[in-house]
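User: I'm new to this structure and would like a close look at one chain, the one lettered C. How is it put together, and how does it meet its neighbours?

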Amino acid sequence: MVITEEIQLHTQGHTDIQDITVQVAQAVAESELEAGIVTIFCPGSTGALTTIEYESGALEDLRQVLDEIAPPDRPYRHHLRWGDDNGHSHVRAALLGPSLTVPFAQGLLTLGKWQQIVFLDLDTRSRSRRLVVQILGD
Amino acid sequence: MVITEEIQLHTQGHTDIQDITVQVAQAVAESELEAGIVTIFCPGSTGALTTIEYESGALEDLRQVLDEIAPPDRPYRHHLRWGDDNGHSHVRAALLGPSLTVPFAQGLLTLGKWQQIVFLDLDTRSRSRRLVVQILGD
Amino acid sequence: MVITEEIQLHTQGHTDIQDITVQVAQAVAESELEAGIVTIFCPGSTGALTTIEYESGALEDLRQVLDEIAPPDRPYRHHLRWGDDNGHSHVRAALLGPSLTVPFAQGLLTLGKWQQIVFLDLDTRSRSRRLVVQILGD
């Protein structure tokens, strides 16, 4: 069985990190499947998926390390060529990855207690985002 | 067909990197499925999955780069807020990701000869860890 | 339904980044499946998969950040022990990950318009690479 759903988000960019756990859990519940995997995918090259403890300290720590890995305020060749200001966004998204796969069993995500599924909008402006949520299972 | 198993580990923390290839290969063999994917998932926000050549030099090199990306000995907002000493653990886990998906065919993992599946315990203390190993296939 | 295919590539190493979107889309089309996931996996510990906008500026930006995270020209314990010159390759591959999962629906990959699937050869020499492309779906 394959079920393909979408999540719609409004994001602020600049490493806006949004907790989408409730939406993903709801898609799994509505599928009425017992066990399988849910894949969350960002169609776009300036967004990423991962998990983290969703508390503001840890989110700020992650933002700071991303600022160090790919600083927003230095010249990027992507800028120089296209006049875009989001060269660092592309680098960060490629490093983090556009996809996350989470198993579920007895109809429930197998997340830890302090672990949330997050979408990172790494672009430099607010955007409407559409994420693909696809469920495979029995 | 979906089969959900678990792996139990005792880990030391501080980027303890453990080779779990044998346990994953065994779960695939016992499933008696011919082809499909196995997803290994860490329920928890201070662990991560990836592959590496499991030899002590490469493991030390990876630990050193993780120490540079998110140093253990600087202030993290997660520390300041909660008194936890594992702010760097959360950042590293979010960057590496909690999930790994490996295809298998003819009942065998499609790993390279010098490539092992590893769990990284990025926390700052020894822990008992439970990983989810879920197999989807025919 | 599970279908296991392969992609053959000739790569130059030194973070050669190749666009494999057409080959993956073709494997999905030939499967004649309607919806599901395609997993692209690198059997080997010096290659990685991700997505990026495949234009030379963004590719150079990503290469530069990888050069900063794991510089090619410093001593690695993997070198010291085995005489290999690719310690940085192993570290980068472990950070980026060997696997990418992309959902498809109505027979089409759910990629964004400016988003391509890429293989990164992080090794230090030209190689023949075989990637596993496995499709699960209905």
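Analyst: Let's start with a pair of strands. In this predicted model, β1(C) and β8(C) run antiparallel to each other and are joined over ten bridges. To find one of those spots yourself, look for C:V2, whose bridge partner in β8(C) is C:L136.

That pair belongs to a wider sheet. Five strands of chain C make up an open, antiparallel sheet, and reading across it you meet β1, β8, β3, β5 and β6 in that order. The edges are β1 (2-11) and β6 (108-109) of chain C, each of which pairs on one side only. A helix packs on this sheet too: α1 of chain C, residues 21-31, touches β1, β3, β5, β6 and β8 of chain C. If you compare directions, α1(C) makes about 40° with β8(C).

Chain C has another open sheet, this one of three strands. Its order is β2-β7-β4, again with antiparallel pairing. Here β2 (16-19) and β4 of chain C are the edge strands, pairing on one side only. From one strand to the next, the twist averages 30°. Within this sheet, β4(C) pairs with β7(C), residues 116-121, over six antiparallel bridges. A handy place to see that is C:T50 in chain C, which has C:V118 of β7(C) as its bridge partner.

Now for the neighbours, beginning with chain A. The contact between these two takes 29 residues from chain C and 27 residues from chain A. On the chain C side, at least two residues come from each of β3 (36-41), β4 (47-52), α2 (56-69), β5 (99-105) and β8 (127-137). The biggest giver is α2(C), with seven residues. Sorted by class, this side of chain C has 15 nonpolar, ten polar and four charged residues.

How do chains C and A relate as copies? Turn chain C by 120°, with 0.0 Å of shift along the axis, and it superposes on chain A with an RMSD of 0.0 Å. That is what a three-fold axis does, so the two chains are related in that way. Even so, the copies use different surfaces where they meet: 14% of the contact residues of chain C recur in chain A.

Chain B is the other neighbour. This contact takes 27 residues from chain C and 29 residues from chain B. The elements of chain C that each supply at least two residues to the side touching chain B are β1, β3, α3 (77-82), α4 (87-96), β5 and β8. By class, that side of chain C has 14 nonpolar, eleven polar and two charged residues. As for the copies themselves, chain C can be laid on chain B by a turn of 120° and a shift of 0.0 Å along the axis, giving an RMSD of 0.0 Å. Different surfaces are used here as well, with 15% of the contact residues of chain C recurring in chain B.

You can zoom in on one piece of the contact with chain B, where two helices cross. Helix α2 of chain B, residues 56-69, packs against α4(C) at an angle of about 65°, and their axes are 9 Å apart. The crossing of α2(B) and α4(C) is right-handed. From α2(B) come B:A58, B:D61, B:L62 and B:V65, while α4(C) brings C:G87, C:H90, C:V91 and C:A94. Of the residues in this helix contact, five are nonpolar, two polar and one charged.

Look between chains A and B and you'll find a helix pair there as well. The axes of α2(A), residues 56-69, and α4(B), residues 87-96, come within 9 Å and cross at roughly 65°. This crossing is right-handed. The residues making the contact are A:A58, A:D61, A:L62 and A:V65 on α2(A), with B:G87, B:H90, B:V91 and B:A94 on α4(B).

Finally, step back to a whole chain, taking chain A this time. Chain A holds four helices and eight strands, and from the N terminus on they run β-β-α-β-β-α-α-α-β-β-β-β. The radius of gyration of chain A is 16 Å, close to the 14 Å that the globule rule gives for 138 residues, so chain A is as compact as a globular protein of that length. Along its principal axes, the C-alpha trace of chain A spans about 50 × 30 × 20 Å.

Methods. Residues numbered from 1 in each chain as written. Chains lettered and ligands numbered in written order. Predicted model: local features only at pLDDT ≥ 70, side-chain atom pairs only at ≥ 80, totals over all residues. Axes fitted to C-alpha atoms, helices over the stretch in contact; angles between N-to-C directions. Left-handed = near helix turned anticlockwise from the far one by under 90°. Contact = placed C-beta atoms within 7 Å. Nonpolar A, V, L, I, M, F, W, Y, C, P; charged D, E, K, R; others polar. Least-squares fit on C-alpha atoms with pLDDT ≥ 70 in both. Pairing = 2+ DSSP bridges. Rg over C-alpha atoms; globule rule 2.2 N^0.38 Å.
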